[in-house]
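Please open the model in your viewer and keep the selection panel at hand, since each stop on this tour begins with something to pick out.

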Amino acid sequence: MNTVRQLHFCDVTVDGSQWPVFGWAIDGAAGTILVDTGMIDSLPSLDAEWGPTLRPWPELGPVAAVINTHLHFDHCGGNRRFAGTPTYVQRAELEAAVEPDYLVEWVHFDGESYVELDGDAELFEGVSVLFTPGHSPGHQAVLVETDEGLVVLGGDVTYSMRELIDGATPAIRRIHELRPARVYLAHHEQPWVPE
C-alpha cells in the first residue's frame with residue numbers, strides 16, 4: 001500500500017510572513033513518486049520579490065516519476081533535477097506556463113519529460129490526479145490510496161485551510177465529494193482531517 005511523506009523544500013515570504021513550501025513523496029509499488037519539486041536554487045528577481053529560504057534537499061533515493069500540481073516556481077523549481085524522469089502535468093498548465101506569470105526557464109529545460117494529461121487520470125496503482133483548476137489553469141490535486149484511506153495532496157487548490165474546510169470553490173468541493181481521510185495543502189504543515 002502507498003505511504004506519503006511530507007517534504008519541506010523551502011520557505012517564501014508572502015505579505016511579510018514566511019510561508020513553508022511542502023511537497024510529498026509517495027512510496028509504493030511503483031517506487032518513489034515525487035509530488036512537486038520545490039526550489040533547488042533562486043534568482044535575484046525571486047530573491048527581491050519572495051525572499052526564499054532554501055532547505056536541504058530531502059533524501060529520496062531513486063525517483064520513478066514526478067507529478068506537478070502546477071508549474072509555479074515554488075512547485076516546479078526542482079524539476080530540472082529530474083531531467084529524463086516522466087513528469088505528469090495537465091496540458092492546460094503547460095500551455096499556460098508563459099511569462100510573466102511563470103518562470104519559463106524552470107518549466108522548460110534540457111531533458112524535460114512532461115507527460116501531458118487532460119483532466120482526471122489514474123497514473124499508478126492507487127495514485128491518480130483530480131483536475132482542480134482555479135489557482136492556475138491546469139492545477140491538479142494528487143489522490144493517494146493508503147492504509148488509512150484516501151489522502152489528497154492538494155497543492156495550491158487553496159492557500160486557506162478555512163476555504164478548504166468550507167468547500168469554498170468548485171475544485172475544493174470535488175475533493176470533499178471523495179470523502180478523504182486527510183487533505184494536505186502546499187503551504188500548511190498540518191493537514192485537514194475531516195470529522
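The stops below go from the main sheet to the cores, the pocket, a smaller set of strands and some backbone details.

**The seven-stranded sheet**

Bear in mind throughout that this is a predicted model. Begin by colouring the strands of the open sheet, of which there are seven, in the order S4-S1-S2-S3-S5-S6-S7 and with mixed pairing. Strand S4 (53-54) and strand S7 (114-117) stand at the edges, and because each has a single partner strand, one side of each is left without a neighbour in the sheet. Next select strand S6 (residues 87-90) together with S7, where four bridges join the two strands in the parallel sense; within this pair, Val89 is set opposite Glu116 of S7.

**The nonpolar cores**

Now show side chains for the largest nonpolar core, which has 27 residues and in which Leu34, Leu60, Leu71, Phe73, Trp106, Val107 and Tyr114 have the most contacts. At least two residues of this core come from each of S1, strand S2 (17-28), strand S5 (63-67), H2, helix H3 (91-96) and helix H4 (104-107), and the element that gives the most is S1, with five residues. Apart from this core lies another, of 18 residues, including Trp24, Ile33, Val127 and Ala186. As a general background to such groupings, nonpolar side chains in soluble globular proteins tend to be buried together.

Centre the view on Trp106 and display its surroundings: leaving aside residues up to four places away in sequence, Trp106 touches Met39, Asp41, Ser42, Leu43, Leu46, Phe73, Cys76, Gly77, Asn79, Arg80 and Tyr114.

**The largest pocket**

Switch on a surface and look for the largest pocket, which holds about 380 Å³ of space. Its lining is made of 19 residues, and the closest to the pocket centre are Leu46, Glu49, Trp50, Phe73 and Asp101. Which elements each supply at least two residues of this lining? They are strand S1 (3-14), helix H1 (44-50) and helix H2 (73-76), and H1 gives the most, with four residues. If you colour the lining by residue class, you will find 10 nonpolar, four polar and five charged residues.

**Strands S8, S9 and S10**

Turn next to strand S8 (residues 121-124) and S9, which run antiparallel and are joined by three bridges; one pair to pick here is Phe124 with its bridge partner Val127 in S9. The hairpin of S8 and S9 has two residues between the strands, and Gly126 in this hairpin takes a positive phi near 75°. Adding strand S10 (residues 140-146) to the selection shows S9 paired with S10 in the antiparallel sense over five bridges. Four of the five residues of S9 are buried, so S9 is largely enclosed by the rest of the structure.

Within strand S9 (residues 127-131), select Ser128. Is Ser128 buried or exposed? Ser128 counts as buried because its relative accessibility is 17%, which falls under the 20% cut-off. Across the strand pairing, Ser128 stands opposite Leu143 in S10, and beyond residues up to four places away in sequence, its contacts are Ala121, Glu122, Leu123, Ala141, Val142 and Leu143.

**Trp19**

Return to strand S2 and select Trp19, which is partly exposed at a relative accessible area of 23%. Trp19 touches Cys10, Asp11, Val12, Val14, Tyr159 and His187, residues up to four places away in sequence not being counted. A distance label between the C-alpha atoms of Trp19 and Pro52 should read 9.3 Å, although these residues are 33 residues apart along the chain.

**Backbone details**

For the last stop, recall that most residues other than glycine have a negative phi, and that most peptide bonds are trans. Select Asp15, in the loop between S1 and S2, where phi is positive at about 50° although the residue is not a glycine. Then go to Asp36, in the loop between strand S3 (31-35) and H1, which also has a positive phi, near 65°. As for their surroundings, Asp15 is exposed, with a relative accessible area of 81%, whereas Asp36 is buried, with a value of 0%. Finish at Pro100, in the loop between H3 and H4, where the peptide bond from Glu99 to Pro100 is cis, with omega near 0°.

How values were computed
Residues are numbered from 1 along each chain as its sequence is written. This is a predicted model: local features need pLDDT of at least 70, side-chain atom pairs count only at pLDDT 80 or more; totals for chains, interfaces and linings use all residues. Side-chain values use heavy atoms; hydrogens and water are left out. On a 1 Å grid over the protein atoms alone, a cavity is a set of points where a 1.4 Å probe fits but cannot get out, and a pocket is an open set with protein on both sides within 12 Å along at least five of seven lines; lining residues have an atom within 4 Å of a point. Grid points are joined across faces, edges and corners, and a volume is the space filled by probe spheres set on the points. Ala, Val, Leu, Ile, Met, Phe, Trp, Tyr, Cys and Pro count as nonpolar, Asp, Glu, Lys and Arg as charged, and the others, Gly among them, as polar. A nonpolar core is a set of buried Ala, Val, Leu, Ile, Met, Phe, Trp, Tyr and Cys residues joined through side-chain atoms within 4.5 Å. Buried means under 20% relative accessible area, exposed over 50%, partly exposed in between (1.4 Å probe, protein chains only). Contact means heavy atoms within 4.5 Å. Two strands pair if DSSP finds at least two bridges between them.
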